[in-house]
Amino acid sequence: MMLEQKIQKAISEAFAKLYNHEIGPDQVSLQPTRKEFEGSYTFVTFPFLKVTKGKPEDAGAQIGGWLKENTDFIKGYNVVKGFLNLEVADLTWAQTLSDISANADYGKLPVNGEKVMVEFSSPNTNKPLHLGHLRNNFLGDSASRILAANGYEVRKVNLVNDRGVHICKSMLAYQKLGNGETPESAGMKGDHLIGKYYVKFDQIYKEEINTLIHQGMDPEEAKKEAPSIKEAQEMLQKWERGDKETVALWEKMNGWVYEGFDQTYDTMGIQFDTMYKESNTYLLGKELVEEGLQKGVFFKKDNGSVWVDLTDEGMDEKLVLRGDGTAVYMTQDMGTCDMKHRDFPFDKTVFVVGNEQDYHFKVLFAIMKKLGRSYADGLYHLSYGMVDLPSGKMKSREGTVVDADDLLHEMFDTAEKHTRELGKIEGMEEQEAKNLYRMLGLGALKYFLLKVDPKKRMLFNPQESIEFQGHTGPFIQYTHARISAILRRAKSLEVKTGFAPEKVGSLGKREIELIYKITEYTNALEEAAREYSPAVMAQYVYDLAKEYNGFYQEVPIFNEENKDALAFRIALSAVTAKLIKESMSLLGIEVPDRM
C-alpha cells in the first residue's frame, strides 16, 4: 500500500473512532502541504463539519492527535484554520523509497481491458507538414503513450485527406507546368515538390481572380468563375469517374507525398498502427443517412436534402446529405466512425483536431448518440489551439508556412550550436554528439509544444525552447545526464546497492520533498489520461527535475560517511532518473545518459 493510501486509511479509522462515523478511504482527499507550513500532506476538514460537529480547527487537532498517537508513520501535525498539515516520520519516508526502489514495476498501471483509438496527424497530400501539424502529432503520440501506460489497449490511426478539389489543384498545376519533374530531378522531398505546385496553382488562381475583378465581376463571383478553379473541379469529377490518366497522376503524386511524410514522421519518432485514406472513406455514411431517416433522427426538406435537428441540444439544424444525393463531410465522418469501430471495437476514440473544428465534433457526437451507437459516449475531441511564432501567424497557400522539416533541422542546428558553446560534448565521438543534438533539438521542440495546456493558443519560441535552464526539455534532459554521471561514479566507488531504512538516520527537507514528488508519479499519470493532457506529465517531470536539482545542490551525496545514508541517496537518485526517463518517454522524448 502506498503512503498516501496508508494515510487515507488511517484518517478513515480516526473518523470511526472519534466520531463513530464511517467514511471510506476513497472519500479522504489529500493535497500537498503548502511550502510555508511544516508537513507533506494536508487534509481539509471543512467538508466533514456536519460529522465533527465543532470548529474546523478543533476537528483538525482531534484527527491530528489521534493519528500521531495511533500510527507509527505520522510524527507531527499543525492546524491552520481547517487545514490539517501532516508530517510523516523519516523512517516511513526511507521505507517508502526502499519499497519503490525494489519494485521494478513501480508506476506501471494494470491492464484495464478497454480499447482506445487515437486519430491524429490527418495531413492533406497537397503540401508538407507544418508547425501546426507538429503540435497535433506530438499531442496524439503522447496521449497514446499516456493512455497505454494507464492500461488501455491503444491503436494509433492516421486518416489522410488524399482526395478533393485541394488535391486536384496541385495535380493541375503539375500537369501544366511540371515538365516531368520528379523529387529526384528536383532534389526535393516529394511532399515539398507537390507543395510547390500547390503554391503555383494559388498564384495563377489569384491572378485570374484579379483579372475578372478588373473586368467588372463581383469578387465572390470571380472566385467561382476563374478558369483554374473550374478545371480543378472538372479534374475531381474525372477522378471520381475513375478516369485512368487522372487516377494515374493522382497515384504518382500522392506516392511522392507519402515518401516525404514517412521521412518527416521518422525524424519526429512517430508511427501509426493503421493508415486510413479519405479516397476509401468518402463514400461511406450514406447508409447511415437512410438509417437515420427510418429512425426519425433525420428529416428531408423539399429539395431532397437530408438534415438533423439539434436545436434541443443547443445547436442548429445540420445538413447530412445534399439534395443531389452527394455527401458532405459530416456524412463521411459518420460512416468512418462505424468503419473504425468495426475494425477495432473501441470503448473510446480520441480525435486530435484543432479547435476550429469544435462545433463539427459536437454535432458529430450528438448525431452518433441519436443514432444509438453504443460507443457514442466514448467519442472525445482533443481540441487544441493554434501555434504562433514570434514573427506572426502561420499561413499555407502563400508559401510562407513554417515548414516542419525546416523547423526540425533548425532545432538540431540550434542544439548543436548551443551545446558546443556550453562545452557539453567534451570527449564525445562525432556520431554520439550528432545523436545528442537530435535528441536535444527534438526534445526541446516536443517539450515546448506539449508543456502548454492543449486548449490554449501558444507562442513557440525556438530560442527559449533550447535553453538548458528554465522550463524546457533540455533542462530535464541535462538533469537525467547529471544523475547518470552520479550513478556511474557510485558504481566505480562500489557504493552498496540497497539500504536499511532504520539506519539511514534523519532526513533533510530536500530529501523528503523529492521522495514526496516521486510518490506523486502515478497520480500525475492518471490525471494526464483523465484530462487527455500531456501537459500534466510535462509539468510533473519538470517539477521532479527541479526538486532533484535542489537536493543535489544542498546535499553533498558522496561526502556521507554513513554507508546506508549514502546508499539511500544513490537509490533516491536512481529512482528519480528512472521516473524522468519514463515521464519523458510518455512525451515521446529521449533522455541522454551523458552530456
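Student: Which strands does helix H14 lie across, and how is H14 angled to S10?
Tutor: H14 crosses S8 and S10, and runs at about 75° to S10. The angle is between axes in N-to-C directions, on a scale from 0 to 180 degrees; axes are lines fitted to C-alpha atoms, for helices over the stretch in contact. Contact means heavy atoms within 4.5 Å. This is a predicted model, where local features need pLDDT of at least 70 and side-chain atom pairs pLDDT 80 or more, while totals for chains, interfaces and linings use all residues. Residues are numbered from 1 along each chain as its sequence is written, and side-chain values use heavy atoms, leaving out hydrogens and water.

Student: What makes H14 a helix of the expected span?
Tutor: Helices are DSSP runs of H or I with at least four residues, strands are E runs of at least two, and both are numbered from the N terminus. The expected span is 1.5 Å times one less than the number of residues. H14 (residues 329-343) has 15 residues, so it should span 21 Å; its end C-alpha atoms are 21 Å apart, which agrees.

Student: Why is H14 called mostly covered?
Tutor: Buried means under 20% relative accessible area, exposed over 50%, partly exposed in between (1.4 Å probe, protein chains only). In H14, 12 of 15 residues are buried. Among them are Met 330, Asp 333, Lys 340 and His 341.

Student: Why is Leu 364 called buried, and what does Leu 364 touch?
Tutor: Its relative accessible area is 0%, so Leu 364 is buried. Leu 364 is in helix H15 (residues 358-370). Beyond four places in sequence, Leu 364 touches Met 330, Asp 333, Met 334 and Cys 337. From Leu 364 to Thr 331 is 33 residues in sequence and 9.3 Å in space, C-alpha to C-alpha.

Student: What makes a set of residues a nonpolar core?
Tutor: The members are buried Ala, Val, Leu, Ile, Met, Phe, Trp, Tyr and Cys residues, joined through side-chain atoms within 4.5 Å. The largest such core has 152 residues; Ile 7, Phe 460, Ile 518 and Met 537 have the most contacts inside it. Helix H23 (residues 563-586) gives the largest share of this core, 12 residues. A second, separate core of 35 residues includes Leu 310, Met 330, Val 363 and Leu 364.

Student: How do you know that S8 and S9 pair?
Tutor: Pairing needs at least two DSSP bridges between two strands. Three bridges join S8 to S9 (residues 306-309), and the two run antiparallel. Lys 300 stands opposite Val 306 in S9.

Student: Why do S8 and S10 count as edges?
Tutor: The open sheet has the order S8-S9-S10. S8 (298-300) and S10 (317-321) each have a single partner strand, so one side of each has no neighbour in the sheet. The twist averages 40° from one strand to the next. Helix H13 (residues 286-295) lies across S8, S9 and S10, at about 90° to S8.

Student: What makes the phi of Ser 121 and of Ser 122 worth a look?
Tutor: Most residues other than glycine have a negative phi. Ser 121 has a positive phi of about 80°, and Ser 122 has one of about 40°. Ser 121 is in the loop between S5 (115-119) and H5 (131-149).

Student: Is each serine buried, partly exposed or exposed, and how do you know?
Tutor: Ser 121 has 3% relative accessibility, so it counts as buried. Ser 122 has 23%, so Ser 122 counts as partly exposed.
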